[in-house]
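Work through the exercises below with the sequence and the model side by side. Each task is followed by its solution.

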Amino acid sequence: MKNVKISNLPLLFVFVQACLAQADYAPYFYDNDPYSNNGNLAMFSLSEDTPVGTQIYRLNGTDPEGQEVRFGLSFDQGSKEYFRVDPKSGNITLVEKLDREEQDSVDVNISITDGRSEVVERVTIFVMDANDEKPEFQNMPAIIDVLETTESGKSIYKVEAVDRDTGSGGSVTYHLQTPQSSLFAIDINSGVLRIKSGQTLDYEKTKTHFVTIVAKDGGGNLNGNEQFMSSTATLTVNVIDAQDTPPFFIGTPYFGYVYEISVPGSEIFTVSAEDGDVGNPNPVSYSFDEGDDGVFGINETSGCISLLVAPIYLKREIFNIKVRASEVSGEDKQMDYGVATVVIRVVDLNNNPPTFYGENGPQNMFELTMYEHPPEGEILRGLKITVNDSDKLLAVEIDTPERFSATADIVIHLLDTNDNAPKFSSDYYIARIPENSPGGSNVVSVTAVDPDSGPWGEVKYSIYGSGADLFLIQPISGIIYTQPWASLDAEVRSKYNFYVKAEDAEGKYSLAEVFVTVLDLNDHPPAFNDNFLEKTMVIGAPVKIQAVDDDAEVPNNVIEYAIMKAEPDNNIFDIDADTGEIKLKSYIKSLAIIQNITKKRDCSWSLVVQARDRGQPSFSTTAVVKIDITEATQLKGGPLGSFLLLNRNNPLQIIGMLISIICFMVIVTVIISTATFLRNKKSNRILPNRRVRRRPRKQHFWNFKSPFKSSETPRENFTVQEEQPEPEVVVENVNYNNNINNVVRHWPPPPCAPSLPPPPPTYVPGERHWTIPTVSAAVAPRPKKRPVIDRTDTVNKALVSELKMRLEQKKMATP
């Protein structure tokens with residue numbers, strides 16, 4: 001008889017093992033740095049002034065099996081959907097206008113799928129501020145009453161404005177719209193309005209003041225440009241009158257002339273004065289204080305000065321007469337008074353050129369001090385003349401035939417104003433500092449220049465912001481250094497940014513941003529989870545170890561692996577320096593080879609493995625790895641045994657495999673039974689009614705050993721015991737429709753497997769080989785040659801033969 005291999009169960013195991021080998025790994029996003037514009041949106045931020053329709057980001061990821069991936073983006077129910085993603089390219093587009101003052105961050109669920117597995121991550125997109133909000137006054141416009149006797153420098157009102165922006169765009173400073181000519185001053189930071197130092201209110205001059213206040217933010221970016229936002233409001237100041245002002249003369253300075261033809265009693269000049277308290281004025285009385293020499297008189301009510309003597313009796317050419325204007329109370333009691341000078345010149349002949357007079361008499365040089373940048377058309381205070389030439393003033397007589405003339409020089413001294421803010425040499429500064437730098441180490445130096453003079457040109461520096469806690473700045477030099485107690489650690493935080501402020505004496509300022517990167521140093525050695533590791537290695541499959549380096553950057557956290565020592569033999573294992581995978585040398589394909597090398601039956605190894613980083617200097621750590629080596633055989637070397645050994649810590653996977661095998665066997669049995677039934681039905685054969693007389697013979701049984709019970713050798717699994725030659729069976733025909741009286745039948749034995757296993761497949765490095773389980777059976781002769789059976793039909797035909805054999809035995813056993 002021919003050898004027949006019963007291989008249905010081994011083929012089933014191979015089929016299941018192949019299905020399990022096809023693992024599906026989930027796709028994943030690329031985790032790029034926060035400043036990248038593609039990846040998984042980690043730490044991504046977006047300015048609120050980004051135009052709708054802008055492509056802001058590109059989701060990027062991959063699938064380990066190389067499958068095409070698609071991307072998705074969703075929002076929480078009820079949330080406003082600000083973005084849309086293209087599922088193929090991953091491009092994210094802004095579809096709704098952002099407003100940081102309404103919502104400063106947007107939570108988004110992003111997903112990536114390869115069609116079978118989907119990964120969903122929840123990320124937060126931070127909405128960055130743009131300078132799009134004006135300061136808003138909280139208590140303006142307003143009307144206040146202030147007594148005119150209020151002291152200089154005293155606070156009279158506090159202005160308050162709020163800007164909803166952040167950073168420099170949210171800081172508010174206060175200014176007066178016309179600070180040079182105002183009686184008031186405002187604190188640039190607090191908004192406290194005061195009467196300017198050295199100034200007082202005067203009801204008699206101005207009853208009401210309209211103070212225009214400007215609230216200005218610190219500036220910031222808007223649509224790509226530097227933008228400063230401001231608001232104005234008006235404060236109305238009503239001055240309350242008090243009796244505190246003496247009379248004042250109108251039309252000064254006063255000049256009068258006495259001519260040769262003048263007669264006693266002639267009117268020379270009339271002075272005019274009013275009470276300074278215009279709210280409730282008192283009458284004014286005029287008198288001489290000095291300088292009249294008894295030759296002039298004055299009307300105490302009208303202020304008219306007249307000549308008392310003939311011109312010939314005048315002893316001087318010029319008289320400087322002091323005239324007093326005194327308030328008179330209701331009781332005719334004199335109170336406050338004012339004094340003015342009347343210059344009276346005695347004119348006899350036209351023999352003198354015109355003369356310029358100043359406050360102290362004749363002069364040919366006039367000096368004037370004024371602030372720079374005066375508005376066009378502003379009157380030059382202190383000069384009661386009209387000026388057509390800023391360098392020279394020409395005075396010409398027009399009523400005399402001599403036409404004398406005189407010239408005077410006018411010198412104008414310009415005063416500086418604080419019309420410039422400090423300006424940094426750069427909008428931002430980038431610094432790098434090693435993480436082991438001690439406290440007080442210099443980081444970077446910033447520089448700002450203010451072109452104004454005096455205190456307005458002196459710059460002081462300060463820093464602020466969430467990243468400024470570990471840093472200080474020298475207010476004068478602008479040198480930024482770390483806090484004395486600061487300890488930098490790149491593994492904890494490697495990026496800092498904050499703002500530096502340059503400010504002059506009046507609070508005008510500008511900002512720059514400082515970016516500090518903490519440079520990583522190789523200060524952490526690699527570390528294993530445990531210094532002693534236990535692994536089980538199946539021949540043909542590697543085991544993996546892993547160490548972790550806590551350094552923040554490459555190459556400090558890049559680890560290389562090496563085997564330092566292996567016992568009992570050093571020439572058995574290789575290790576992947578990058579991944580830490582330990583595998584046997586390529587020529588070791590069985591336990592027998594290992595035992596031949598070591599001359600020991602024990603296949604347990606102790607390896608000393610080193611993990612070394614690539615930093616400078618380099619650090620290393622070692623661990624002892626105990627490896628037990630076994631073969632991938634059935635229980636003791638087969639695929640099922642390998643599977644059970646590899647998954648001994650995962651019972652659910654073993655149970656799932658067994659259920660799959662049972663289901664497959666049930667399906668195959670149903671298919672075979674159905675096919676047999678249909679074939680018999682189609683042939684419609686009438687079986688004879690026979691009475692079988694069977695000679696006594698030795699009973700033989702089929703011995704199917706369980707594949708789940710261990711045997712001494714792999715060959716003894718699934719063994720069919722050898723059959724003795726079949727005895728002749730005498731069949732008595734009791735069916736009269738048959739012509740055959742005596743039938744002698746020889747029952748064929750069931751199919752048998754070859755006695756030796758097939759040769760092992762050729763080993764290809766990098767491939768995982770599955771061991772094909774084999775069965776052993778005895779060989780029995782057959783009466784005639786059977787047709788060759790394909791491998792694909794072996795399972796079905798073997799089961800059919802077994803079913804037919806059992807059916808015939810049942811019939812023969814029936815009396």
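pLDDT is the predictor's confidence in each residue, on a scale from 0 to 100. It applies here because this is a predicted model.

**Exercise 1.** Find which parts of the protein chain have the lowest and the highest mean pLDDT among its elements.

Solution. Start with the whole chain: the average pLDDT is 77, and 74% of the residues score at least 70. Next, go to the elements: strand E55 (residues 729-733) has the lowest mean, 37, and strand E42 (residues 479-482) has the highest, 94. Then look at stretches. Residues 698-792 have a pLDDT below 50, yet the model gives this stretch 147 contacts beyond near neighbours in sequence. Where pLDDT is low, the predicted coordinates should not be read in detail.

**Exercise 2.** Give the strand order of the open sheet of four strands, and state which strands stand at the edges.

Solution. The order is E2-E4-E8-E7, and the pairing is mixed. Strand E2 (38-39) and strand E7 (83-85) each have a single partner strand, so one side of each lacks a neighbour in the sheet; these are the edges. Inside the order, strand E4 (residues 55-59) pairs with strand E8 (residues 91-94) in the antiparallel sense over three bridges. Arg58 lies opposite Asn91 of E8.

**Exercise 3.** Trace the pairings of strand E10 (residues 118-128) with strand E3 and strand E9.

Solution. Strand E3 (residues 45-47) runs parallel to E10, joined by three bridges. Strand E9 (residues 105-113) pairs with E10 in the antiparallel sense over nine bridges. Now take Phe126 of E10: Ser45 is its bridge partner, and Ser105 stands opposite Phe126 as well. Finally, the hairpin of E9 and E10 has four residues between the strands, and Gly115 there takes a positive phi near 100 degrees.

How values were computed:
Residues numbered from 1 in each chain as written. Predicted model: local features only at pLDDT ≥ 70, side-chain atom pairs only at ≥ 80, totals over all residues. Heavy atoms only, no water. Helix = DSSP H or I, 4+ residues; strand = E, 2+ residues; numbered from the N terminus. Contact = heavy atoms within 4.5 Å. Pairing = 2+ DSSP bridges.
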